[in-house]
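Subject: Structure handover

Hello,

Here is the structure you are taking over, with my notes on it below. Please read the notes with the model open.

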Amino acid sequence: MKNTIIVNRISQKNEVSLPTIWSSNNLVKSIAKKAQFIALLVFLVFSFKGNAQYTITGTTVNATAINCTTFGSNTIIYVGDGVTSTTLNMNIDLDLGCYGAIQFIVRNNATISFSSGNYDLRLGANSSIIVESGGNISDTSSCSSSDRIWIGPDRVASCGGGGGTISFPELVSGGGYNTVNVTSTNVCGSGTATITAVKNPTPISSTTYKLYDAVGAVNPISTITVSSIPFGAIATFITPPINSTTNYYIEATTGTVTTPRRLVVVTVIPIPPTPTIGTVTQPTCSTSTGSFIITNYNATYTYAVTPSTGVTQSGNTITAPAGSYTV
């Protein structure tokens with residue numbers, strides 16, 4: 001909703017009559033905080049039904065300190081807590097195949113470093129390695145194809161790439177391996193959101209994406225199969241209408257390999273209240289501008305005044321030349 005304000009025009013002859021001030025509500029949407037309307041706020045985490053989590057923490061943790069009993073029965077393994085700097089130092093070959101299929105997640109401010117020598121990191125078949133924003137996998141000393149990451153029998157990445165594998169920088173920029181990368185739009189007030197999904201690495205055969213409304217749901221609410229070239233095409237889902245922030249989960253299956261379900265939080269942004277207008281100060285013979293107050297002003301919102309020529313805003317006070325304005 002908008003409010004229209006009349007700031008009366010004053011005669012140059014100083015023949016001033018008592019101004020009449022009035023306001024009326026018009027059915028138009030107020031302008032909310034710009035960042036809320038343009039920002040894509042997607043909070044992404046990984047989820048796998050029934051799996052418990054273990055976090056590797058510490059400034060530097062050597063691979064020699066990790067073995068097949070370190071993580072217990074946990075199958076979601078985080079490197080770092082997402083805040084404090086943590087380095088997993090590959091100072092030996094580290095074989096985690098004993099844990100079976102796991103999610104190995106490198107978080108913000110965390111690094112898997114192969115700088116101590118040429119070593120291998122091995123995960124069990126059908127595992128996923130995920131690199132969150134701010135995470136890294138690197139060799140700052142002598143990057144070569146002898147620094148390698150394996151999932152099951154497959155060599156999926158090496159520091160320098162080559163030999164049919166991707167490089168560590170490519171692995172990081174792609175968000176990991178055997179994962180599904182997703183984005184989502186926000187919803188203003190109520191409505192539907194658009195969720196996109198694409199598997200990484202890029203599929204080379206038919207891939208099926210499934211959207212769920214619960215982490216443990218058996219039946220998807222929507223299924224999209226990319227069955228023709230390009231198999232790396234983006235799958236686009238439209239959610240059901242929602243009026244509150246809602247969790248959705250996406251998985252991708254190529255052949256017999258299915259990624260862990262990835263959680264997408266679709267954020268619903270409340271529609272701001274209609275601005276209400278309080279005190280109106282009219283122009284005078286000596287002051288060519290008037291002003292009015294937004295009584296329900298909220299500093300987290302951005303207010304637009306139309307027309308805008310000569311208009312200034314300071315907190316809840318709008319100053320403008322004589323005229324009619326809509327907020």
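The model is predicted. I start with an open sheet of four strands, paired in parallel and ordered S5-S7-S10-S13. Its edges are strand S5 (60-62) and strand S13 (136-138); each has a single partner strand, so one side of each is left without a neighbour in the sheet. On average, neighbouring strands here are turned by 20° against each other, with direction ignored.

Going across this sheet from S5, the pairings are as follows.

- S5 pairs with strand S7 (residues 86-89) in the parallel sense, over three bridges. Within this pairing, Val61 has Leu88 in S7 as its bridge partner.
- S7 and S10 are also parallel, with four bridges between them. Leu88 has Ile112 in S10 as its bridge partner.
- Strand S10 (residues 110-113) is joined to S13 by three bridges, and the two run parallel. Ile112 stands opposite Ile137 in S13.

Val61 is thus linked to Leu88, Leu88 to Ile112, and Ile112 to Ile137, which gives you a row of residues to follow from S5 to S13. As general background, strands of a sheet pair through backbone hydrogen bonds, in either a parallel or an antiparallel way.

There is also an open sheet of five strands, in the order S4-S6-S9-S12-S17, and its pairing is mixed. Strand S4 (53-56) and strand S17 (176-177) are the edge strands, each pairing on one side only. Inside this sheet, strand S6 (residues 76-79) and strand S9 (residues 103-106) run parallel and are joined by four bridges. In that pairing Ile76 stands opposite Gln103 in S9.

Next, the aromatic side chains. How many aromatic pairs are there? The count comes to five, taking rings as paired if their centres lie within 6.5 Å. In one of them, the ring centres of Phe114 and Phe168 are 4.9 Å apart and the planes stand at 45°, so the pair is classed as tilted. Phe114 lies in the loop between S10 and strand S11 (120-123), while Phe168 belongs to helix H2 (residues 168-173), so this pair ties together parts that are 54 residues apart in sequence. Are these two residues buried or exposed? Phe114 and Phe168 are both buried.

Tyr54, Phe71 and Tyr99 form one aromatic cluster. Of these, Tyr54 falls within S4, the edge strand spanning 53-56.

Two arginines sit over aromatic rings. Arg107 lies over the face of Tyr78, at 4.4 Å from the ring centre; Tyr78 is in strand S6, which covers residues 76-79. Arg122 lies over the face of Trp150, at 4.2 Å from the ring centre. Arg122 itself is in strand S11 (120-123).

Finally, the overall numbers for the protein. It has two helices and 32 strands. Of its 327 residues, 42% are buried. Among contacts between residues at least 6 apart in sequence, 64% join residues at least 24 apart. The accessible surface comes to about 15800 Å², and carbon and sulfur atoms account for 52% of that area.

Regards

Technical notes:
Residues are numbered from 1 along each chain as its sequence is written. This is a predicted model: local features need pLDDT of at least 70, side-chain atom pairs count only at pLDDT 80 or more; totals for chains, interfaces and linings use all residues. Side-chain values use heavy atoms; hydrogens and water are left out. Two strands pair if DSSP finds at least two bridges between them. Axes are lines fitted to C-alpha atoms, for helices over the stretch in contact, and angles run from 0 to 180 degrees between N-to-C directions. Rings of Phe, Tyr and Trp (its six-membered ring) pair if their centres lie within 6.5 Å; planes under 30 degrees apart count as stacked, over 60 as edge-to-face and the rest as tilted. Buried means under 20% relative accessible area, exposed over 50%, partly exposed in between (1.4 Å probe, protein chains only). A charge sits over a ring if NZ of Lys or CZ of Arg is within 6 Å of the ring centre and within 35 degrees of the ring normal. Contact means heavy atoms within 4.5 Å. Accessible areas come from the Shrake-Rupley method with a 1.4 Å probe; for residues, only the protein chains shown count as cover.
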